[in-house]
Amino acid sequence: MSFLVNGAVYQVTPRPGQCLRSLLRELSWFGVKKGCDAGDCGACTVRLDDTPVHSCLIPAFRAEGRNVTTIEGLLGPGGDLHPMQKAFHAAQGFQCGFCTAGMILTVACLDQGQLRSLPDALKGNLCRCTGYRAIADAAAGLRHLQDDLPGGGTFGCNIAAPASWDVVTGRVRYTMDAEVDGLLHMKILRSPHAAAHVVEIDSGAALALPGVVAVLTYEDAPQRYFSTARHERSADDPDDTLVLDRVIRFAGQRVAAIVAESEAIAETARDLIRVDYDVLPALLDPEAAMRPGARVIHDKPASSRIHDPSRNIVAELHGHVGDVEAGFAAADVIHDATYKTQRVQHAHLETHGAIGWLDEELRLHIRTSSQTPFLTRDALCALYDLPRDKVRVFSARVGGGFGGKQEMLTEDIVALAVLKTGRPVKLEFTREEQFAASTSRHPMRVKVKVGARRDGRLTAISINILSNTGAYGNHGPGVLFHAANESVALYRCSNKKIDGYAVYTNTLPSGAFRGYGLSQTNFAIESAMDELARELGIDPFTFRRLNVVRPGDPLVSIDEGPHDVEYGSYGLDQCLDRVKTELAAAPPAGLSADWLIGRGMAAGMIDTIPPRGHRAESLLQVSGDGIYNLAVGTAEFGNGTTTVHAQIAAAVLGTTVGRVRIRQSDTDIVAHDTGAFGSTGIVVAGAATRAAAAALAAAILDFAATHTKEDRKACVLCKDHVMAGGRRISLRELVAAAAACGVVFTSKGHSAGSPRSVAFNVQGFEIAVHRRYGEIRVLRSIHAADAGVVINPMQCRGQIEGGVAQAIGAALYEEMLVDEDGRIANPTFRDYHIPAFADIPITEVHFADTFDTLGPLGAKSMSESPYNPVAAALANAIRDATGVRLHQTPFAADRLYAACLTSGAHLRP
Ligand code: FES
Ligand code: FES
């Protein structure tokens with residue numbers, strides 16, 4: 001057939017059943033993304049003639065004679081940007097940018113009327129990162145950017161992301177946006193059973209299919225146990241996983257990997273493999289799994305670091321300070337209840353994927369969508385007995401992570417296929433695999449008992465956590481310890497007790513998720529604190545002011561250490577006061593008597609860096625043209641660290657952000673970076689960049705003083721030159737002069753992530769609940785954050801808006817349903833509802849005015865913590881509106897209605 005793409009004529013023959021999205025990508029129009037291939041996300045949006053369509057739903061042959069415009073084709077004839085591309089740049093209407101091409105193409109087609117009703121017009125386009133505020137601002141033509149100033153003057157300003165132009169024009173490259181000669185395609189055969197032994201695999205028919213290159217089974221994989229979780233200390237997670245295993249522990253586990261010349265052939269071959277399973281009864285409930293006599297899910301030696309395999313307990317935690325029983329005896333009021341949180345998915349729009357190949361020197365290269373390239377490299381070396389210099393792992397731009405890409409879920413099997421076949425191999429998860437075979441947030445049951453005296457002072461806190469780690473223990477211990485730590489450490493109370501268990505079940509493995517366990521325990525504890533305050537008749541803000549820790553108070557940790565957390569700054573008091581004031585100032589909602597109005601709040605604390613080591617190195621060099629080249633290990637997945645690193649370097653070097661060029665997330669460019677998780681992109685990697693910039697500035701000024709024979713104190717580093725006394729020498733000239741003396745301006749900076757500071761978040765909501773239907777509407781969302789010095793307010797605000805939006809979804813409706821056979825029952829965006837534009841209110845964001853003495857240039861972390869207090873703040877607002885205390889997320893309308901009926905509270909007037 002013949003058709004036009006962005007003005008160019010193509011003569012092609014689509015394969016039977018091929019969709020327009022995959023055809024366009026095969027023609028290298030990589031601005032067309034895949035988020036779901038089911039018409040639910042809008043990432044694949046293109047213009048077909050003049051109409052925006054989801055190209056994954058359009059059969060390719062229907063493009064015959066038509067004119068297709070992708071994001072790349074929106075540019076004018078002279079390369080001018082389309083006004084909507086400019087608008088998304090000016091408002092920075094993106095974070096990871098994976099949805100941005102589809103958003104821009106859709107918004108660019110809207111008329112004035114549709115622009116006024118974006119919730120309706122954008123119902124087919126999902127964004128998981130932004131919370132939609134920045135997208136609405138872009139559509140409205142708002143400009144948030146500030147100009148790039150010399151002298152480091154842009155520190156604290158809204159500077160554009162360095163990749164901004166590439167994001168809005170579709171030039172930016174993600175993992176799958178690569179052309180690789182001779183590429184093979186991998187598909188995974190996954191178990192339909194939650195618990196089974198593989199008796200036999202018959203691959204004969206699959207291998208006989210023309211185009212099939214290999215079928216990999218447990219017989220081809222190393223019998224070496226590892227964890228898919230990536231941490232600086234690999235001993236933090238149990239070694240309980242094999243690349244391919246005969247023992248099946250969840251529905252969706254890998255059974256075989258098919259490598260073929262095309263995806264279609266690999267899929268056909270997958271269906272030809274016959275597997276004989278010995279099916280076992282599945283253990284789906286963690287309470288049952290830890291009972292004596294329950295079937296053992298992992299039968300491993302002590303070296304695997306599973307705490308008690310005989311009881312399916314991967315990790316256990318017990319600790320106390322003071323005497324809780326005496327504390328409860330001294331209490332005038334006690335709240336004692338059990339809270340439950342559900343399984344939720346990260347739902348980053350870019351699915352997991354990796355491409356691997358060997359170069360001429362047989363060095364293994366893995367291009368992957370990962371938050372942890374360095375730790376993934378180390379894991380591959382250990383698995384396949386490869387020296388570090390024989391493996392390179394790198395990430396292009398990552399299309400969202402939220403902790404889900406702090407795992408090795410594709411790289412190990414791709415590496416195996418590359419090493420077996422000697423050819424380049426690609427594996428890209430489908431959306432269904434993302435739900436059924438990646439990881440999720442840990443479902444938890446949290447028993448909370450808190451007591452206080454009549455004057456409002458806490459006398460005792462006790463929590464008991466049961467965390468469902470699923471089939472494998474990746475992040476199980478870490479999430480349990482973290483969940484138990486800051487949620488309790490937030491309160492000054494002499495008597496605290498914590499018990500916790502992370503338990504194996506035959507369900508999808510849980511893993512790292514934004515908040516790392518804190519969102520679950522925060523829901524329980526902040527709900528309990530609200531009940532205490534109500535019982536005592538004390539305003540919830542006043543109750544927190546009475547009981548939260550203040551500088552000087554011990555930060556009581558029951559974790560085994562290290563105890564290196566300090567008050568580098570403290571802004572919780574400001575956050576509490578600000579949300580209280582703003583909530584009180586809410587204008588009347590103006591709703592009918594059908595609606596009950598309520599207000600609620602919750603607070604959260606987070607250590608700014610994970611414990612037990614997080615290391616980063618940054619390298620800086622001045623090139624011959626006087627540009628600073630910065631190499632960092634941390635990945636960019638929408639968290640904005642690239643911009644912030646440029647701002648830190650520019651501030652220290654006295655230059656503009658535009659004169660700092662950044663390369664990142666590649667094991668070949670710096671020695672080490674633990675990874676972009678735990679909100680460490682600024683406080684660890686950023687600290688390394690600050691150190692490298694300071695060392696480089698000193699080296700340049702030392703040389704300038706020697707070269708000009710001026711006093712060192714009279715030398716000042718400016719935008720692109722040094723002022724030495726009254727003389728101006730360009731950096732270009734200085735670099736040349738230094739080179740003539742054998743001097744290269746280069747520096748390294750390191751950070752080890754200790755000591756650690758604390759950051760705080762307070763969320764407030766005003767909501768309305770419909771008396772007859774239980775519908776919940778968020779009327780106002782107010783968030784105050786103690787982020788230290790805010791290096792880029794626009795980006796930091798976006799992180800908070802996105803975190804609150806994601807948490808609203810988890811609090812109100814997101815839930816991965818597990819059927820009676822252990823399978824995920826809703827593995828699509830159509831059935832697993834993530835917030836769309838219409839679902840999310842604007843969150844008003846406020847920052848405390850603090851300077852952190854431990855963070856780089858006063859900054860603290862703020863990527864994941866805004867998520868944590870949202871569910872409790874909503875629950876507390878529902879309680880305020882209806883009188884009903886909800887003990888389980890999500891707060892779906894039917895659950896709320898049932899709770900009202902059960903409690904005797906009647907929604908009907
Ligand atoms: S990829 Fe087409 S709508 Fe999601
Ligand atoms: S910016 Fe929208 S999905 Fe990441």
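Begin with helices α16 and α24, whose crossing is right-handed. The model on screen is predicted. Select residues 518-536 for α16 and residues 870-882 for α24: the two helices pack at an angle of about 35 degrees, and their axes lie 8 Å apart. To display the contact itself, show the side chains of Asn522, Phe523, Glu526, Ser527, Asp530, Glu531 and Arg534 on α16, together with Ala871, Ala872, Ala875, Asn876, Arg879 and Asp880 on α24. Colouring this contact by residue class gives four nonpolar, three polar and six charged residues.

Keep α16 selected and add α17, residues 540-547. These two helices pack at an angle of about 110 degrees, with 9 Å between their axes. Since angles of 65 to 115 degrees count as roughly perpendicular, α16 and α17 are therefore described as roughly perpendicular to each other. On the α16 side the contact comprises Glu526, Met529, Asp530, Leu532, Ala533 and Leu536, which meet Pro540, Phe543 and Arg544 of α17. By class, the contact of α16 with α17 holds six nonpolar and three charged residues, and no polar ones.

**The nonpolar cores**

Next, select Phe765 and Phe891. They belong to the largest nonpolar core, which has 161 residues, and of these the two phenylalanines touch the most other members. A separate core of 49 residues lies apart from it, and Ile248, Val255, Leu383 and Leu416 are among its members. In soluble globular proteins, nonpolar side chains tend to be buried together.

Leu416 leads to helix α13, where it is one of the buried residues. Eight of the eleven residues of α13 are buried, so the helix is largely enclosed by the rest of the structure. The buried set consists of Glu411, Asp412, Ile413, Val414, Ala415, Leu416, Ala417 and Val418. Move to the residue just after α13, Gly422, which takes a positive phi of about 75 degrees.

**Backbone features**

Most residues other than glycine have a negative phi, and most peptide bonds are trans. The next four stops depart from one or the other of these tendencies.

Select Phe402, in the loop between β16 (391-394) and α13 (411-421). Its phi is near 55 degrees, a positive value in a residue other than glycine. Is Phe402 buried or exposed? Phe402 is buried, with a relative accessible area of 12%.

Now go to Asn6, in the loop between β1 (2-5) and β2 (8-11). Asn6 also has a positive phi, near 50 degrees. Asn6 is partly exposed, at 24% relative accessible area.

For the cis peptide bonds, display Ser754 and Pro755 as sticks: the bond that joins them is cis, with omega at about 0 degrees. Pro755 sits in the loop between β28 (746-751) and β29 (758-770). Then display Thr889 and Pro890, which are likewise joined by a cis peptide bond, with omega at about -5 degrees. Pro890 is found in the loop between α24 and α25 (893-903), which returns the tour to a helix from the opening stop, α24.

**Single residues to inspect**

Select Ser55, in the loop between β4 (51-54) and β5 (67-69). Ser55 is buried, with a relative accessible area of 0%. Which residues does Ser55 touch, not counting residues up to four places away in sequence? The contacts are with Cys19, Leu20, Arg21, Val32, Cys44 and Val46.

Continue to Arg797 in helix α23, residues 793-812. Although its side chain is charged by class, Arg797 counts as buried, at 18% relative accessibility. Show its neighbours Arg133, Asp137, His144, Val845 and Phe847, which Arg797 touches when residues up to four places away in sequence are not counted. Draw a distance between the C-alpha atoms of Arg797 and Ala134: they are separated by 9.7 Å, while their positions lie 663 residues apart along the chain as a sequence separation.

End at Ala740, in helix α22, residues 731-740. Ala740 is exposed, with a relative accessible area of 72%. A distance drawn from the C-alpha atom of Ala740 to that of Met816 reads 64 Å, for two residues that are 76 residues apart along the chain.

Conventions: Residues numbered from 1 in each chain as written. Chains lettered and ligands numbered in written order. Predicted model: local features only at pLDDT ≥ 70, side-chain atom pairs only at ≥ 80, totals over all residues. Heavy atoms only, no water. Axes fitted to C-alpha atoms, helices over the stretch in contact; angles between N-to-C directions. Helix = DSSP H or I, 4+ residues; strand = E, 2+ residues; numbered from the N terminus. Left-handed = near helix turned anticlockwise from the far one by under 90°. Contact = heavy atoms within 4.5 Å. Parallel < 35°, antiparallel > 145°, perpendicular 65-115°, else oblique. Core = buried A, V, L, I, M, F, W, Y, C linked by side-chain atoms within 4.5 Å. Buried < 20%, exposed > 50% of the residue type's maximum accessible area, 1.4 Å probe, protein only.
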